[in-house]
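Here is a walk through one model, strand by strand and then ring by ring. Have the structure open while you read.

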Amino acid sequence: MKNVVHIFAFLSAMGLMTACTQADMTDNTLLPEGSCPLGLNVSITDNSAATRATPDGTWKGDGTESVAVGVSFEPSAKPTPYRYTVTGTDGSMTSENPYYWGSTSDNLYVRAWYPYAESLTSVGGNDDQSTEAGFQAADRLCSGIKLVQYANRQYDIELYHITAKVVVNLVREGVMADGREAIVTLGDARNPIYLYGSMYFLSFAPSIGDFSGFSADTDGETGFVKPLKVNAAGEYAATYQALLIPQDIGGKKFIAVTIDGVTCYYTPPVGTSLEGGKCYTYNVKVDTSGEVTVNSIEPGDWGYGGSYDLSTQ
């Protein structure tokens, strides 16, 4: 099951439909300038895949979150971004400067991304996600490209999580049997991971508005991520969560666990990658000799199940 947020966009004139008549115009397709805005009403229908990431998967905003709605007349053209602000926890949106239809014959190619930026190029998460604010700020979402016509009064845009969600559970066994304090990072100063990269739209089928996904290109900027510590279930001594850009983590010292000043690592097998929109759960046990064992890894869509076991060294 795909992890998406459904945006129901109503191409309304927001009370100005009477101004959108072409009766007095020579060209019957032209619309009065500034009279027919592209209006967006947003409804989040799947709270388990909330638009703005929180540890419990619900929307928490302060009314200032902005989504970019990019509009172009060709699918390959650079879109002009318009700022729409999420004004309510139900996902309702308004814009002080929306796109205005110029003609009833226009074919628009619309896409959206969050948070607002002039373009969707450089994408990266915060390296310090140890607070809920830092965790939320690391989330990135984007839609595919959609063909929109004036005659269609309603259409959907699906926002996908670009980032991968990583959950680390420290098993209450071995050195963690007594629940002692641990420091967990994803990568560390000596074993960095990618923090930033670039995203681009992968494919587009104008006849059906199909979108196949995203691809990330790492740009060389590296570091390590401090994850957010959240409430742990009884069998775990501690649980941490973080959001990362898609990347290859195979053969790298990916999870660093420091206990009593001693750091141990988990290194995924060569060929292991993080995919955007997926959640990866690592159940980590550190025995008294310092050996790290990952009993299972559970990749799946955010908010959904699905798991398989991997043998580890």
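V71 in β2 stands opposite T80 in β3. That pair belongs to an antiparallel match between β2 and strand β3 (residues 80–86), which pair over 6 bridges. Bear in mind as you go that this is a predicted model. β2 also has a partner in strand β5 (residues 107–114): 5 bridges join the two, again running antiparallel. There, G70 is the residue that stands opposite R111 in β5.

How many of the residues of β2 (residues 66–72) are buried? The count is 7 of 7, so to speak a strand that is mostly covered by the 20% cut-off for burial. The cover is on both faces: S66, A68, G70 and S72 are buried on one side, and V67, V69 and V71 are buried on the other.

**The chain as a whole**

Stepping back, the protein chain has 1 helix and 24 strands. Of its 313 residues, 48% count as buried. The chain exposes about 14400 Å², and carbon and sulfur atoms supply 48% of that area. Take the contacts between residues at least 6 apart in sequence: 66% of them join residues at least 24 apart.

**A three-stranded sheet**

Now for another part of the chain. An open sheet of 3 strands runs in the order β11-β19-β20, with antiparallel pairing. β11 (183–186) and β20 (262–266) are the edge strands; each has a single partner strand, so one side of each has no neighbour in the sheet. From one strand to the next, the twist averages 20 degrees. β11 is joined to β19 (residues 255–259) by 4 antiparallel bridges, and I183 stands opposite T258 in β19.

Just past β11 in the numbering is N191, which lies in the loop between β11 and β12 (193–194). Leaving out residues up to four places away in sequence, N191 touches K253 and Y265. Those two residues also meet each other: K253 lies over the face of Y265, at 4.8 Å from the ring centre. N191 has a C-alpha separation of 8.0 Å from G223, which is 32 residues away along the chain.

**Around β10**

L170 and N169 both give a view of what surrounds β10. L170 has its place in this strand (residues 164–171), and N169 is found in β10 too. Is L170 buried or exposed? L170 is buried, because its relative accessible area is 1%, and N169 is buried as well, with a relative accessible area of 6%.

Their contacts reach well along the sequence numbering. Not counting residues up to four places away, L170 touches M176, A182, V184, Y236, A237, A238, Y240, V257 and V284. With the same kind of neighbours set aside, within four places, N169 is in contact with Y236, A238, T239, T281, Y282, N283 and V284.

A233 makes a contrast in burial. A233 lies in the loop between β16 (228–230) and β17 (236–244), and A233 is partly exposed, with a relative accessible area of 37%.

Here are the C-alpha distances for three pairs, with how far apart they sit in sequence.

| Pair | Apart in sequence | C-alpha to C-alpha |
|---|---|---|
| L170 and Y236 | 66 residues | 5.5 Å |
| A233 and N169 | 64 residues | 8.9 Å |
| N191 and G223 | 32 residues | 8.0 Å |

**Rings and charges**

Finally, the aromatics. The count comes to 5 aromatic pairs. Why is the pair of Y99 and W101 called edge-to-face? Their ring centres are 6.2 Å apart and their planes stand at 75 degrees, so the pair is edge-to-face; planes over 60 degrees apart count that way. Both Y99 and W101 are buried. These two also belong to a wider group, since ring pairs link Y82, Y99, W101 and Y150 into a cluster.

One more ring has a charge over it. The charged end of R83 sits over the ring of Y116, at 3.8 Å from the ring's centre.

Terms used:
Residues are numbered from 1 along each chain as its sequence is written. This is a predicted model: local features need pLDDT of at least 70, side-chain atom pairs count only at pLDDT 80 or more; totals for chains, interfaces and linings use all residues. Side-chain values use heavy atoms; hydrogens and water are left out. Rings of Phe, Tyr and Trp (its six-membered ring) pair if their centres lie within 6.5 Å; planes under 30 degrees apart count as stacked, over 60 as edge-to-face and the rest as tilted. Buried means under 20% relative accessible area, exposed over 50%, partly exposed in between (1.4 Å probe, protein chains only). A charge sits over a ring if NZ of Lys or CZ of Arg is within 6 Å of the ring centre and within 35 degrees of the ring normal. Two strands pair if DSSP finds at least two bridges between them. Axes are lines fitted to C-alpha atoms, for helices over the stretch in contact, and angles run from 0 to 180 degrees between N-to-C directions. Contact means heavy atoms within 4.5 Å. Accessible areas come from the Shrake-Rupley method with a 1.4 Å probe; for residues, only the protein chains shown count as cover.
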